[in-house]
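Here are a few exercises to try with the model open beside you. Have a go at each task before reading its solution.

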Amino acid sequence: MDNEILRVIKKYFGLASLRQGQEGVINAILAGRDAAAVMPTGAGKSLCYQAPALMRQGLTVVVSPLISLMKDQVSALSDARIPSAYLNSSLSFPDYQRTLAKASRGEFKILYIAPERLRREEIRSLPITMAAIDEAHCISQWGHDFRPSYLAIDGFIRSLPERPVIAAFTATATPRVREDIIQNLNLHDPYVAVTGFNRENLYFEVQRTERKLAAIEDALKSRGNKSGIIYCATRKAVDALSAFLRKRGVKAARYHAGMEDAERQKNQEDFIRDRKPLMVATSAFGMGIDKANVSFVIHYNMPKNIESYYQEAGRAGRDGKQADCILLYSPKDAAVNRYLITAPAPDRDAPRPETVRRNLALLEAMTEYACSQDCLRSRLLSYFGEEGPGRCGHCSNCAAPFEEADITIASQKIVSCVYRIEALGKRFGKNLVIGALRGSRSRRVLGPGLDRLSTYGIMRDTGPDQIRVIMDYLIENQYLTLLEGEYPALCLAPRSKEIIIDRKPLTMPMARAAQIPAASAPDEAGFDRALFGRLKALRSEAAAAEGKPPFMVFPDASLKDMCVKKPQTLEAFTQVFGVGAAKLKKYGGLFVAAIKE
Ligand code: ADP
Ligand code: MG
């Protein structure tokens, strides 16, 4: 590594070495090359522009949308004796003028600017040699946080007498958003770095359930006083859930944008200082908060997109210890989100059709994750353009036993339905086809007369998620095609006839939990809560003895199945969900003895 870089980061930031990814970006910028860096939150993006800013001639402007954080950044830089300042709407006019004058005299190395300010004439005469664009995904309409003011950046750069080096930074960019960043900022042959989205210490879990309060109670029971965040979709849900928990004696703080500032501030403090280990909040909570010992993040509702999900879930396990990210999913979540995306908010204009379409596509990807049978970690990583491990062995899908499920009949039903819709001269997306198959009475299904098709309602008994999983399998294997377009529509593929004419037998790997609803949602009548508690304690002991996390011994679904089946012999124990030869040998005796007792 370049000694000069080391000297600078030591002198100004007290750092001994660069992290993965930083070196490449810094070297590129120092060589005068544009750069685009996609690195997760906490990876150290600031250093990638701050260090070169100190080593290069002239002024570096940093475009950032977070006005509230600019002040903190500048005071941290000032503490490190780096001449810096910010220009945004929070400054009084005299302060603004003064800062501007100093900047044009070359008194600063780093100047933070809100994107709206770039339209101002006076900014253009500053001695700018580098432009760092933070939160660069804001420039893409395909991102989750599009800001039109970011589109002014390119015009601003073109208006400068000399083109500065441009470096763009973001924590969440899909390959598509990355393309937009490079295009819209007009980066010249940029050095692109995508690093380290994988967080090995995080365990990803999806629970598909309608009984979410019970799931929360369950999750909290085994977690004692550990610190955690529960994210809810709405303020109302935050209020209801935190009241529910407080009534049960759980110390839960709450946080959402509808509360008084003072109370919000206090609750945040209570959480950060561990006076209350649990925070129940909307997505308004968390930005700029760095609490290392958060040991779990539960999503009570499915978020609108994977970007938000990964960012929120990623607040768990910052200390590097084992932590859990649990998503509670019910099909209702997808419907509510769809409504929120398409319906205008009371005090706003109707959303633009392109915006609606993009947000629906992001929601679709999120829903696919929630319903996926694949390794969850690999899904997340590949969404962000990084190669996944295939099967990580450390997510609920990898932990659940898979088996080949016969989907011959289901496939015939799905493909016939698509065929009948095409015969009407129409095409619809997945959700509508699922609605038709399940005999939905919604306007969107009845409107086009799908209830008159012979395939209407023929999959009433199959859950929407299971239909979706099979549909995705059919699309992946070219038995159906998903047409890209305004709204992605399902249509027949050349291989469709193998299903409806040749009646080809078809199987696909499916998590056993997905097939046996009884295992994941035991009915209260046949379910022994006391036994469940006992088995959980036993599991914790076994896990502690082996120094591994409890879910590696048995997932909750297995314990629940034991409570339903109550096996009294090793033979019967093999019938329990998730019990294979190895687990039978290792834990069979232990658990059967406890159940007998
Ligand atoms: P990001 O913007 O990517 O979310 P930050 O730039 O805010 O991350 O940096 C996160 C933390 O990592 C900061 O506390 C910073 O001091 C620290 N950090 C950055 N680079 C290094 C490094 N090379 N060695 C040690 N710590 C670092
Ligand atoms: Mg940052």
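Helices here are DSSP runs of H or I at least four residues long, numbered from the N terminus. Keep in mind that this is a predicted model.

**Exercise 1.** Find which helix gives the most residues to the shell around ligand 1.

*Solution.* Start with the residues that come nearest: of the 13 around ligand 1, these are Ser17, Gln22, Gly42, Lys45 and Ser46. Next, look at helix 3, residues 45-55: this helix gives the most to the shell, with three residues. Finally, sort the shell by type, and you get five nonpolar, six polar and two charged residues.

**Exercise 2.** Work out how close the oxygen atoms of ligand 1 come to polar atoms of Ala43, Lys45 and Ser46.

*Solution.* Take the side chains to begin with. For Ser46, an N or O atom of the side chain sits 2.6 Å from a ligand oxygen. For Lys45, the matching distance is 2.8 Å. Then turn to the backbone: a polar backbone atom of Ala43 lies 3.4 Å from an oxygen of ligand 1. As for cover, ligand 1 on its own exposes 570 Å², and the protein buries 63% of that.

**Exercise 3.** Trace the order of the six strands in the open sheet and name its edge strands.

*Solution.* Walk across the sheet and you'll read 8-13-12-9-11-10, with parallel pairing. Strand 8 (202-208) and strand 10 (252-255) are the edges, as each pairs on one side only. Neighbouring strands are turned by 15° against each other on average, ignoring direction. Now zoom in on one edge: strand 10 pairs with strand 11 (residues 278-281) over four bridges, in the parallel sense. There, Arg254 stands opposite Val280 of strand 11.

Key
Residues are numbered from 1 along each chain as its sequence is written. Chains are lettered from A and ligands numbered from 1 in the order in which they are written. This is a predicted model: local features need pLDDT of at least 70, side-chain atom pairs count only at pLDDT 80 or more; totals for chains, interfaces and linings use all residues. Side-chain values use heavy atoms; hydrogens and water are left out. A residue is near a molecule or strand if one of its heavy atoms lies within 4 Å of it. A polar contact is a pair of N or O atoms within 3.5 Å; within protein, one must be able to donate a hydrogen and the other to accept it, and residues adjacent in sequence count only if both atoms are side-chain atoms. Accessible areas come from the Shrake-Rupley method with a 1.4 Å probe; for residues, only the protein chains shown count as cover. Helices (H or I, at least four residues) and strands (E, at least two) are DSSP runs, numbered from the N terminus. Ala, Val, Leu, Ile, Met, Phe, Trp, Tyr, Cys and Pro count as nonpolar, Asp, Glu, Lys and Arg as charged, and the others, Gly among them, as polar. Two strands pair if DSSP finds at least two bridges between them. Axes are lines fitted to C-alpha atoms, for helices over the stretch in contact, and angles run from 0 to 180 degrees between N-to-C directions.
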